[in-house]
Amino acid sequence: MRPISAFLLSRQWRDTRRGLEFELWAASDEGPIRIVMTGQEAVAFIARTEQTPAGARRAEVDLSDLKGHAVDAVYFSRQAALRRVRDDRPGLLYEADVRALDRFLMERFVLGSLMVEGEVIAREDFIDFVNPAVRAAEYTPRLSVVSVDIETSDLNGDLYSIAVATDTVAKAFVNGDRPSTSSIEYCPGEAASLRAFLEWIRVTDPDILIGWNVVNFDLMFLANACRRNGVQFNLGRDREHAEILPPGIARQSRTARVPGRIV
């Protein structure tokens with residue numbers, strides 16, 4: 001049981017039978033850290049004069065709405081249950097648009113740096129915490145970076161090569177049958193190039209992935225190439241699956257969700 005200062009890299013949540021589960025990845029001087037919070041609840045507020053929504057538990061709090069009327073907190077074990085009440089009865093709940101994981105961080109004043117304290121579980125490539133104490137802290141991380149660039153025939157065509165670079169290493173995974181060198185690894189086809197690249201990322205283990213239009217082109221292309229070649233797009237830490245999400249509105253960029261890494 002000891003505290004570790006860290007810097008938040010990625011966050012995601014999921015609904016489970018035992019409540020919401022939060023997963024945070026952070027960088028620290030001791031290496032990558034994964035923080036898993038189980039049994040969490042989605043929270044909103046309701047006028048004290050209103051009935052408790054089905055499936056929620058209620059608690060009196062010393063808060064009021066903008067007109068000074070008293071409100072209570074209502075807790076849902078699933079985010080989907082809160083959304084259902086919000087959509088079925090618009091205006092009934094206050095702050096129902098605030099995501100549970102965002103509220104978890106806001107209530108602890110975590111803006112980036114954080115302190116995590118709990119039982120340290122050593123994994124192969126990172127440190128695990130399950131339901132630790134989390135609070136704000138002052139910490140400046142030293143983050144590792146990998147730049148990624150691919151060459152293709154076109155947006156939906158063939159993959160020719162994947163190049164990666166750090167401060168000290170430059171390497172390319174190229175489709176071909178020539179002898180490999182220290183800087184060029186020739187691979188027998190797309191699937192082999194993808195697997196070699198993903199394994200190199202796993203071993204190098206960067207905190208940050210960068211590149212020119214890296215989300216909208218490079219990573220989107222690689223995700224699609226993995227899909228058509230039957231390769232798991234495990235770009236995240238602990239071999240977690242990465243996703244390239246479509247834009248929420250027109251003319252907006254796609255979003256890369258890579259557990260444990262910033263893109």
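Helices H3 and H4 are oblique to each other, a word that applies because their angle falls in none of the other classes, which are roughly parallel (under 35 degrees), roughly antiparallel (over 145) and roughly perpendicular (65 to 115). The model is a predicted one, in which local features need pLDDT of at least 70 and side-chain atom pairs count only at pLDDT 80 or more, while totals for chains, interfaces and linings use all residues. Residues are numbered from 1 along each chain as its sequence is written, and side-chain values use heavy atoms, with hydrogens and water left out.

**The pair H3 and H4**

Helix H3 covers residues 190-204 and helix H4 residues 214-229, and the two pack at an angle of about 125° with their axes 10 Å apart. The axes are lines fitted to C-alpha atoms over the stretch in contact, and the angles run from 0 to 180 degrees between N-to-C directions. On the H3 side the contact (heavy atoms within 4.5 Å) is made by Glu 190, Ala 191, Leu 194, Phe 197 and Leu 198, and on the H4 side by Leu 222, Ala 225, Cys 226, Arg 228 and Asn 229. By class, this contact has seven nonpolar, one polar and two charged residues.

**The chain as a whole**

The chain has four helices and 18 strands, where helices (H or I, at least four residues) and strands (E, at least two) are DSSP runs numbered from the N terminus. Its C-alpha atoms fill a box of roughly 75 × 45 × 30 Å, taken along the principal axes. Of the 263 residues, 44% are buried; buried means under 20% relative accessible area, exposed over 50% and partly exposed in between, with a 1.4 Å probe and protein chains only. Among contacts with a separation of 6 or more, 54% join residues 24 or more positions apart.

**Cores and helix H2**

The largest nonpolar core, a set of buried Ala, Val, Leu, Ile, Met, Phe, Trp, Tyr and Cys residues joined through side-chain atoms within 4.5 Å, has 32 residues, and those with the most contacts inside it are Ile 33, Ile 35, Phe 76, Leu 93 and Phe 104. Apart from it lies another core of 31 residues, including Val 146, Phe 197, Leu 219 and Ala 242. Leaving aside neighbours within four places in sequence, Phe 104 is in contact with Phe 22, Leu 24, Met 37, Gln 40 and Val 134.

Phe 104 is also one of the buried residues of H2, a helix of residues 100-107 that is mostly covered, with six of its eight residues buried. The buried residues of H2 pack against strands E1 (2-16), E2 (19-27), E3 (33-40), E4 (42-47) and E11 (133-136), and against helix H1 (79-88). H2 is followed by Phe 109, whose phi is positive, near 60°.

**Loop residues**

Most residues other than glycine have a negative phi. Glu 95, however, has a positive phi near 60°, and Asp 205 a positive phi near 55°. The table sets these two residues beside Lys 67.

| Residue | Loop between | Relative accessible area |
|---|---|---|
| Lys 67 | E5 (57-64) and E6 (70-76) | 71%, exposed |
| Glu 95 | E7 (93-94) and H2 | 41%, partly exposed |
| Asp 205 | H3 and E16 (208-210) | 17%, buried |

Lys 67 also gives a sense of span, since its C-alpha lies 60 Å from that of Val 169, a residue 102 residues apart from it in sequence.

Definitions and conventions. Ala, Val, Leu, Ile, Met, Phe, Trp, Tyr, Cys and Pro count as nonpolar, Asp, Glu, Lys and Arg as charged, and the others, Gly among them, as polar.
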